[in-house]
Amino acid sequence: MLKIFAIAVSLIILPAQVATSFAQERVRVGWAAMTSSHTPLWVAQDRGFLAKQGLSVESIFFGAGPPAMQALVAGDLDIVVTSAPNVVNPRLGGADTVMILSIIPTFIDHIVSISSITSTEQLRGKIGSVNRFGSISEMGLRLSLRRLGIDPEKDVKIVPAGGNPERLASISKGISQFTIMSEPFVREAEKLGLRNLVSMANLKIPLHGNGVVTREAIIKNKRPMVSRFGRGITEAIHFIKNDKEATKAIIGKYTRFSDPEGLERTYRNHMGVLLDVPYADPVGIKTLLDDMAPRNAKAAAADPKSFVDASFVQEMESSGFIKQLQRR
């Protein structure tokens, strides 16, 4: 199971769906970070929901959101499945990035610490690790610490360490004393004697931990493709809610975990937050802009509504597509 920690790749190409009897439109999709928040994308591919929509998807793994977004802005990708910071930062810099669906509308990660830390107050003076600066893991940790009454700028030191496997290795080696981690990696951390200190979902911080992101130029030129992709992901969300065992098998396939308890916990973590109607609520963007505002004048002046495009979910609602899924 721990062999995943030895993986050191910057790019993994996942198999595209086998084409159906009608012509398929090729789509390049990036996804950021090895976390189970990408389960709807994995399910949409494995169960053929994207192929059903006439899409042949080349799904490309990036180690974090910023490089995936760089590829999107450069025109090398059509869509990225990533978090709110990776939409906001490029747009504040002049890019036309926009979120069309929310997959995870809050933080569902956990703060994991060495066993000797038994309370959040004991995090003061310690080193916390995140994926990289500017990533959703950094934002999640900083916002969560503030909610817990700890100043992330003064009370702790935050360092980049890589993805979930690398962060687990970092804390296990004593390089950091706490980190942010998702299931099923939290289960693995507990088996190594680390402490599951805080479930961030309990903090109920509104911020899109994952969503479907594209560019306004792509929407203008390829709107039907973007719409079909959104439908495929929405059907996958419905499937996740209704077929636990098949979903857990897919999570295990991509994360390379087979521990039954870890997979069960991962599934329960997601079921608590997945939306039947996956609107990207501007409130989830406002949380991020408010956090950035003291350091960034553009963030202070930005309208959260400009970072989302609700029209795709509105179309799925008005056409009866979502109601049809719910009747199954």
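Modeller: Let me start with the term cavity: on a 1 Å grid over the protein atoms alone, it is a set of points where a 1.4 Å probe fits but cannot get out, and its lining residues have an atom within 4 Å of a point. Grid points are joined across faces, edges and corners, and a volume is the space filled by probe spheres set on the points. By this rule there are two cavities of 30 Å³ or more, and the second largest has a volume of about 40 Å³. This is a predicted model, in which local features need pLDDT of at least 70 and side-chain atom pairs count only at pLDDT 80 or more, while totals for chains, interfaces and linings use all residues. Residues are numbered from 1 along each chain as its sequence is written, and side-chain values use heavy atoms, with hydrogens and water left out.

Colleague: Thanks! Which residues line the second largest cavity?

Modeller: The lining is made of Thr39, Pro40, Ile240, Thr247, Ile251, Tyr267, His270 and Leu274. Helix 1 (39-46), helix 9 (244-255) and helix 10 (260-271) each give two or more of these residues. Helices here are DSSP runs (H or I, at least four residues) and strands are runs of E (at least two), numbered from the N terminus.

Colleague: What makes up the lining of the second largest cavity by class?

Modeller: Five of the residues are nonpolar, three are polar and none is charged. In this scheme Ala, Val, Leu, Ile, Met, Phe, Trp, Tyr, Cys and Pro are nonpolar, Asp, Glu, Lys and Arg are charged, and the others, Gly among them, are polar.

Colleague: His270 caught my eye; why is His270 called buried?

Modeller: Buried means under 20% relative accessible area, exposed means over 50%, and partly exposed is in between (1.4 Å probe, protein chains only). His270 has 4%, so it counts as buried. His270 sits in helix 10 and touches Ser36, Ser37, Thr39, Ile104 and Ile108, leaving out residues up to four places away in sequence. A contact here means heavy atoms within 4.5 Å. His270 and Thr39 are 231 residues apart in sequence, and their C-alpha atoms are 9.0 Å apart in space.

Colleague: And what lines the largest cavity?

Modeller: There are 29 lining residues, with Thr35, Ser37, Asp109, Ile136 and Gly209 nearest the centre. The volume of the largest cavity is about 330 Å³. Strand 5 (97-106), helix 5 (136-147), helix 6 (164-172) and strand 11 (206-215) each supply at least two residues of that lining. By class, the lining has 18 polar, nine nonpolar and two charged residues.

Colleague: How does a pocket differ by definition?

Modeller: A pocket is an open set of points, with protein on both sides within 12 Å along at least five of seven lines. The second largest pocket holds about 170 Å³ of space. Of its 13 lining residues, Gly134, Glu138, Met139, Met292 and Arg295 are the closest to its centre. Helix 5 contributes the most, with four residues. That lining has six charged, four nonpolar and three polar residues.

Colleague: How do you know how compact the chain is?

Modeller: The chain has 14 helices and 11 strands. Its radius of gyration is 19 Å, close to the 20 Å that the globule rule gives for 328 residues, so the chain is as compact as a globular protein of that length. The radius is taken over C-alpha atoms, and the rule is 2.2 Å times the number of residues to the power 0.38. Buried residues are 59% of the 328. Of the contacts between residues at least 6 apart in sequence, 81% join residues at least 24 apart.

Colleague: Why is Lys204 called exposed, and what makes its phi worth a look?

Modeller: Lys204 has 64% relative accessibility, so it counts as exposed. Its phi is near 50°, a positive value in a residue other than glycine. Lys204 lies in the loop between strand 10 (195-199) and strand 11.

Colleague: Why is Arg256 called partly exposed, then?

Modeller: Arg256 has a relative accessible area of 46%, so it falls in the partly exposed class. Arg256 also has a positive phi, near 65°, and it lies in the loop between helix 9 and helix 10.

Colleague: What makes the peptide bond from Glu183 to Pro184 special?

Modeller: That bond is cis, with omega near 5°. Pro184 is in the loop between strand 9 (178-181) and helix 7 (185-191).
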